[in-house]
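Visitor: Please show me the model, and let us go through its architecture by question and answer.

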Amino acid sequence: MRTAYTSDQIRAAERALMARLPEGTLMSRAASGLASACVRALARVRGLVYGSRVVLLIGSGDNGGDALYAGARLAARGARVDAILAGSRAHQAGLAALRAAGGRAAEFAPDAARELVSAADLVMDGLVGIGSAGALREPYGTLAGLVADAPGLVVAVDVPSGVDASTGRVDGPAVRAHATVTFGAYKIGLLVDPGASFCGTVELVDIGLGPYLPDADVAAPTAGDVAGLLPSPAAESDKYRRGVLGIVAGSDTFTGAAVLSVGGAIRAGAGMVRFASVEESVRYVRARWPEAVTTVLAPGSTGVLDDIGRVQAWVVGPGLGTGSHARDLVAEILGTDLPVLVDADGLTHVARDRSLLRRTGPTLLTPHAGELARLLDVPREDVEARRIEHVRRAAHELGATVLLKGSTTLVAEEDRPVRVNSTGTPWLATGGTGDVLSGIAGALLAGGLSCYDAASCAAYLHGLAGRAAAAGSARGARPGGEAAIAALDVAEALPDVVRAL
Ligand SMILES: NC(=O)C1=CN([C@@H]2O[C@H](COP(=O)(O)OP(=O)(O)OC[C@H]3O[C@@H](n4cnc5c(N)ncnc54)[C@H](OP(=O)(O)O)[C@@H]3O)[C@@H](O)[C@H]2O)[C@@H](O)CC1
Ligand SMILES: [K+]
């Protein structure tokens, strides 16, 4: 599990560690790791450090200090290093080290800064780190704008300036980096969007903070974590013991969502899928997934669960519709004490009547930002700007596990760390992929995982499958480009992804 922390948590750990070490030790460890990362990056793009042009953007705090010391190390290896001093002051010892190593430094001036940045092989962003508060002030905002047009590599020091390290919030301009070298521990804002999308690849430099960090409020499962959690069939397993999932989805008008949800469940390894819907949806599901056991629901019929048969968990909602019959089906399923995943139209019914969630069994809600906004009755922009805060609030207020879909999918449950999904690809932003996700998570619920684990493993596998489908690697394509995917491609890529875990 990769754990992540707020700025305050990092600072407290830093204080405890610093009290035991000679002054300057931590900054020296940070600068050394930062310089090594820059050397590797320059070696990749230019072949060597000697003669490369490096520009340091320096703010008034220790973030600038790290960049100045790292710049001094690069200057000592023959790089031509220029520091742009943009703050009200600069780290004096760092500045002296840079100058002693042959680097140069000058106060910010717009034209000179533009010239330097546009000629740099590497720009190091040391404007602000975990000490930043609010939107970037001038001239930092202007510098972030110049960096956006920089032809060279952009390396953020600790945190891309303009990203709130504790939340991932971005108010106004921010540095968009190819790589972020972060010290001591991951900051939450590096893993959660919108901040995460400004980081590029994130490299962690160990400075010895580990023993001083508190229990994490945020964690990102790794491939090993997911492999360890996934149920795998034993010799004595049969289809019932592997987990039977009931899916109630689809309608006369929306048949595709049902096909996709069932597909996600079958490819994710449900022992059996029992699918129930009106005739039109059943016809499409049967045609595509003969493995599913289907029940046709007469229009308006209720009291249907016995007809469908025994299951270990339910998925309800994709393509189900928002009318009264659909509402009755959602209420009936939530009336059981089995684990229930509520998605899509099911969420609309729950948003209209939260009392549906007063139940004894575990509940997993899988909204996107718009659906979560409706569930909480807040503007969608608020959810998108502060995703962690809202997913936590939803889990608390609704008494359910909540998976918030999006470019970084989050899973929240009361009194547990929020889990952040680190897989995924922008190619997944296409119609129907959410329906596949509901089937995957449902299969894992039926297989015996808790809502929390089923949701985080499903998000992980779904993201990887999206990547594999976009890269064509699930079909044995040579590594190289990526292309658009259809939602069913994601389901089809699942077995290869699980095999490779
Ligand atoms: N944690 C660790 O273990 C280690 C941490 N280390 C490093 O220290 C960094 C933290 O350093 P820090 O505390 O000096 O804060 P930092 O982010 O450099 O700048 C804060 C200053 O910036 C300003 N400012 C604030 N907001 C602003 C805004 N919106 N727009 C514009 N300016 C703004 C404000 O100053 P002002 O200009 O207002 O006087 C404020 O005082 C950390 O990220 C890591 O790199 C490593 O060296 C060693 C181990
Ligand atoms: K920075």
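**Strands, crossovers and shell**

Guide: Strands S3 and S4 run parallel and are joined by 4 bridges. Helices (H or I, at least four residues) and strands (E, at least two) are DSSP runs, numbered from the N terminus, and two strands pair if DSSP finds at least two bridges between them. This is a predicted model, in which local features need pLDDT of at least 70, side-chain atom pairs count only at pLDDT 80 or more, and totals for chains, interfaces and linings use all residues. Residues are numbered from 1 along each chain as its sequence is written, while chains are lettered from A and ligands numbered from 1 in the order in which they are written.

Visitor: In S4, which residue is the bridge partner of Leu85?

Guide: The chain passes from S3 through helix H4 (residues 92-100) to S4 in a right-handed β-α-β crossover. Right-handed here means that, with the strands pointing away from the viewer, the path from the first strand over the helix to the second runs clockwise. In S4, the partner of Leu85 is Glu107.

Visitor: Which residue in S3 stands opposite Val54?

Guide: Strand S2 (residues 53-58) pairs with strand S3 (residues 80-85) in the parallel sense over 6 bridges. S2, H3 and S3 together make a right-handed β-α-β unit. Opposite Val54, in S3, stands Val81.

Visitor: In what order do the 7 strands of the open sheet lie?

Guide: The pairing in this sheet is parallel. Its edge strands, each pairing on one side only, are strand S4 (104-107) and strand S9 (201-205). The twist averages 20° from one strand to the next, with axes being lines fitted to C-alpha atoms, for helices over the stretch in contact, and angles running from 0 to 180 degrees between N-to-C directions. The order is S4-S3-S2-S5-S6-S7-S9.

Visitor: Which residue in S9 does Phe183 stand opposite?

Guide: Strand S7 (residues 179-183) runs parallel to S9, and 5 bridges join the two. Across from Phe183, the S9 residue is Val205.

Visitor: Why is one side of each edge strand left without a neighbour in the sheet of 12 strands, and which strands are these?

Guide: This second open sheet has mixed pairing and the order S8-S1-S10-S19-S18-S17-S16-S15-S14-S11-S12-S13. Each edge strand has a single partner strand, so one of its sides has no neighbour in the sheet; the two are strand S8 (186-187) and strand S13 (293-296).

Visitor: What angle does the direction of helix H14 make with that of S15?

Guide: Helix H13 (residues 324-334) packs on the sheet, touching strand S11 (244-248), strand S14 (313-316) and strand S15 (340-342), and its direction makes about 160° with that of S14. Contact between two residues requires their C-beta atoms, placed from the backbone, to lie within 7 Å. Helix H14 (residues 345-352) also packs on the sheet, where it touches S14, S15 and strand S16 (363-365); its angle with S15 is about 90°.

Visitor: In S13, which residue is the bridge partner of Phe275?

Guide: Strand S12 (residues 272-277) and S13 pair in the parallel sense over 4 bridges. Together with helix H11 (residues 279-288), these strands make a right-handed β-α-β unit. The partner of Phe275 is Thr294.

Visitor: Which element gives the largest share of the shell around ligand 1?

Guide: Ligand 1 is surrounded by 31 residues, the closest being Gly61, Asp62, Asn63, Gly129 and Gly131; a residue is near a molecule or strand if its C-beta atom, placed from the backbone, lies within 6 Å of it. Two or more residues come from each of helix H1 (7-18), helix H2 (25-46) and helix H3 (62-76). The largest share, 4 residues, comes from H3.

Visitor: How far apart do the C-alpha centres of domain 1 and domain 2 lie?

Guide: The domain assignment gives domain 1 (2-215) and domain 2 (223-499), with bounds that come from an automatic or database domain assignment. Their contact takes 8 residues from domain 1 and 9 residues from domain 2. The distance between the C-alpha centres is 40 Å.

Visitor: Where is Pro139 found?

Guide: Most residues other than glycine have a negative phi, and most peptide bonds are trans. The bond from Glu138 to Pro139 is cis, with omega near 5°. Pro139 lies in the loop between strand S5 (122-126) and helix H6 (140-148).
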